[in-house]
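Could you look over this entry with me before we discuss it? I have set out my remarks as numbered points for someone who has not seen it before.

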Amino acid sequence: MGCTGLGCLAALAVLCGALGDAPSRGIKCGGVLSAPSGNFSSPNFPGLYPYETECTWLIVVAEGSSVLLSFSHFELEYHDTCAYDYLQVYNGAARDRGNLLGTFCGHSPPPPFSSAWHVMAVVFRSDRHVAKHGFAAAYRKDACGGQLTGLSGEITSPRYPESYPNDAECRWSIGGASGGGPLTLVFADFQMEGGQGCGFDYVALFDGPTVTAPHLGRYCGSARPPRTISSTPHLLIIFKSDFNIGGRGFKAHFYSGECQEVFTTIKGNFSSPQYPNFYPNNLKCQWSIQLPPGYQVKVFFLDMELEGRSSLTGGCDYDHLSAFDGGTENGSLLGQWCGRESLAPITSRSNRLLLVLHTDRNTAKRGFSISYVGVVPMNVSCTRTDFHIQIPVQSLAQLERNRIYLGTPSCAAQVVGRNFKIHTRFDTCGTESQRRNNTSVIVSTLYIDFSVGDQEDIHQYEVQCEPKKKEASVTLIAGPDTSRLSQAENLVDAQQWEGEAIDAPEIKSQDTSDIVFISICILAGLLMVIAVVGLVLL
């Protein structure tokens, strides 16, 4: 029986596919893997995988455990961005961009992965051209230890916070994140069997991926180990218990790369991991701003888009950014934000501010971009004729007095005791009269020059006085980046700083205009009384 046209071509294609080794299309694959361990592979492995195929394997182990995934063979069509055939590994059930651990293709196998919880997803996709032999993978449940590659994470001893088992040994190898920077490890809780030399139960830290790396410490007992920072992008943690006497164990957090930074410069910028692309899920990142004594930290939110508020509670129960006054999360909470909002700047009360980003297991967004500037502590007051400005010397100890001036360099500060001082009349130092909101005010500009070499860095504050009320204020008009700080923000008023950082008796100035005015009034009153008495006597 003959055939013609498209039907004949289709039959011929099927026959050739059956006789040769060209892949077929649309084979069913994937599924749920719930055994404690197992193996899976691309369709037809070790033969060529089919065209136009998409497979999803969902690995689910017992709660409280993690999934360890490794690859024994890997060969997919190569593309520099893996746009054709690829394999993706997700840290969770949802195909959420924030859960994505990596996208892979070509001949280089993915690294071993350890999930942050008891679910992991693997997605394989092929296009309509060029098939390869595919991959073979194995997984197993692991309640203790693993290979951790995220930007941040949490590790705990087995059964924490219950007593850990005897004769246990766990190894966590941390490293391989895209940032490639040092790792920071912080213990939140620690209680183990003690003993001289920690010869029984202990936690050992190594500055690298193996025990041959430099030893960073060995800890036991109930004292929390100190914050540890590696000098390499890898950190090995070993937990070991002997045959008796246990304890609650430990809980620790690690941060890597762009997920943990400390800033000590007067100004700076930073953003969430991978900004403006979607941030990863399962993060706890910290940014600590630490400025010299006397400063405050002013934070400007240039852009923010996080997962939105809970529809049940109305709170930031999922992904959120928190700000704390001071260097730890025990400090006062300055604010907590989520969703997509335009936020007003915040100012710390101390010279340290901590920002913490928490993300959960799904629904990632663009993240945030932040700029900050150190607010120079100053007291600005005024009379009806004069400005009085005082700045503690310790807050600008690196500057000469001529780097601080009002209006023009000829009106530079003087050093009086522990303060830089500027005392000037309204008719000097570039001062001008303006009318704002139907009120007459006196305005000038205070310059603080932090420039080094060819790099100009001049902070400008607008100093304003309302003579009738003798009320003064100071406003930042140019600081970390004038293009980003488009609106001047009111930073300080005289009452806010009264009694802080500057001795109160020193900041009081004599208003000579008031004294003269009162004296004239008294004299006029006396003359009037004398005149009245004289008329009566006449």
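The points below go from overall content and confidence to sheets, cores and single residues.

1. Overall content. This is a predicted model, and the protein in it has 4 helices and 37 strands. Of its 538 residues, 48% count as buried, while the accessible surface comes to about 26800 Å², with 52% of that area belonging to carbon and sulfur atoms. If one takes the contacts between residues at least 6 apart in sequence, 74% of them join residues at least 24 apart.

2. Confidence. The mean pLDDT of the protein is 83, and 83% of the residues reach 70 or more. Among the elements, strand E14, residues 202-206, has the highest mean pLDDT, at 97, whereas helix H3, residues 504-507, has the lowest, at 32.

3. Stretches to read with caution. Over residues 1-22 the pLDDT stays under 50, and the model has 3 contacts beyond four places in sequence for this stretch. Residues 480-513 also stay under 50, but here the model has 67 contacts beyond four places in sequence. Where pLDDT is low, the predicted coordinates should not be read in detail.

4. A mixed sheet. Five strands form an open sheet in the order E19-E21-E26-E23-E24, and the pairing within it is mixed. At its edges lie strand E19 (260-263) and strand E24 (332-337), each of which pairs on one side only. From one strand to the next, the twist averages 15°. Inside this sheet, strand E23 (residues 320-325) pairs with strand E26 (residues 352-358) in the antiparallel sense over 6 bridges, and one residue pair that can be followed there is Asp325 with its bridge partner Leu353 in E26.

5. An antiparallel sheet. A further open sheet has 4 strands in the order E28-E29-E32-E31, with antiparallel pairing. Strand E28 (379-382) and strand E31 (414-416) are the edge strands here, each pairing on one side only. Neighbouring strands of this sheet are turned by 25° against each other on average, with direction ignored. The pairing of E31 with strand E32 (residues 419-425) is antiparallel and runs over 3 bridges, and Gln414 stands opposite Lys421 in E32.

6. An enclosed strand. Is strand E27 largely enclosed or open, and why? Strand E27, residues 367-375, is largely enclosed by the rest of the structure, because 9 of its 9 residues are buried. Gly367, Ser369, Ser371, Val373 and Val375 point one way from E27, while Phe368, Ile370, Tyr372 and Gly374 point the other way, and all of these residues are buried. Strand E20 (residues 267-271) is joined to E27 by 5 bridges, the two running antiparallel, and Ser271 has Ser369 in E27 as its bridge partner. Strand E22 also runs antiparallel to E27, to which it is joined by 9 bridges, with Val299 standing opposite Tyr372 in E27.

7. Nonpolar cores. The largest nonpolar core has 58 residues, and those with the most contacts inside it are Leu321, Ile391, Leu396, Leu446 and Ile448. The largest share of this core, 5 residues, comes from strand E22 (residues 296-305). A second, separate core of 27 residues includes Trp57, Val61, Val89 and Ala131. In soluble globular proteins, nonpolar side chains tend to be buried together.

8. Leu321 and its surroundings. Leaving aside neighbours within four places in sequence, the residues in contact with Leu321 include Phe301, Met304, Leu306, Trp337, Leu355, Leu357, Phe368 and Ile370. Of these, Phe368 and Ile370 also appear among the residues of E27 that point the other way from Gly367.

9. Leu357. Which strand holds Leu357, the residue named in the previous point? Its place is in strand E26, and Leu357 counts as buried because its relative accessible area, at 0%, lies under the 20% limit. Beyond its neighbours within four places in sequence, Leu357 is in contact with residues including Ser272, Pro273, Leu283, Cys285, Trp287, His320, Leu321 and Phe368. The C-alpha atoms of Leu357 and Gln286 are separated by 6.5 Å, although these two residues are 71 residues apart along the chain.

Note on methods
Residues are numbered from 1 along each chain as its sequence is written. This is a predicted model: local features need pLDDT of at least 70, side-chain atom pairs count only at pLDDT 80 or more; totals for chains, interfaces and linings use all residues. Side-chain values use heavy atoms; hydrogens and water are left out. Two strands pair if DSSP finds at least two bridges between them. Axes are lines fitted to C-alpha atoms, for helices over the stretch in contact, and angles run from 0 to 180 degrees between N-to-C directions. Buried means under 20% relative accessible area, exposed over 50%, partly exposed in between (1.4 Å probe, protein chains only). Contact means heavy atoms within 4.5 Å. Accessible areas come from the Shrake-Rupley method with a 1.4 Å probe; for residues, only the protein chains shown count as cover. pLDDT is the predictor's confidence in each residue, from 0 to 100. A nonpolar core is a set of buried Ala, Val, Leu, Ile, Met, Phe, Trp, Tyr and Cys residues joined through side-chain atoms within 4.5 Å.
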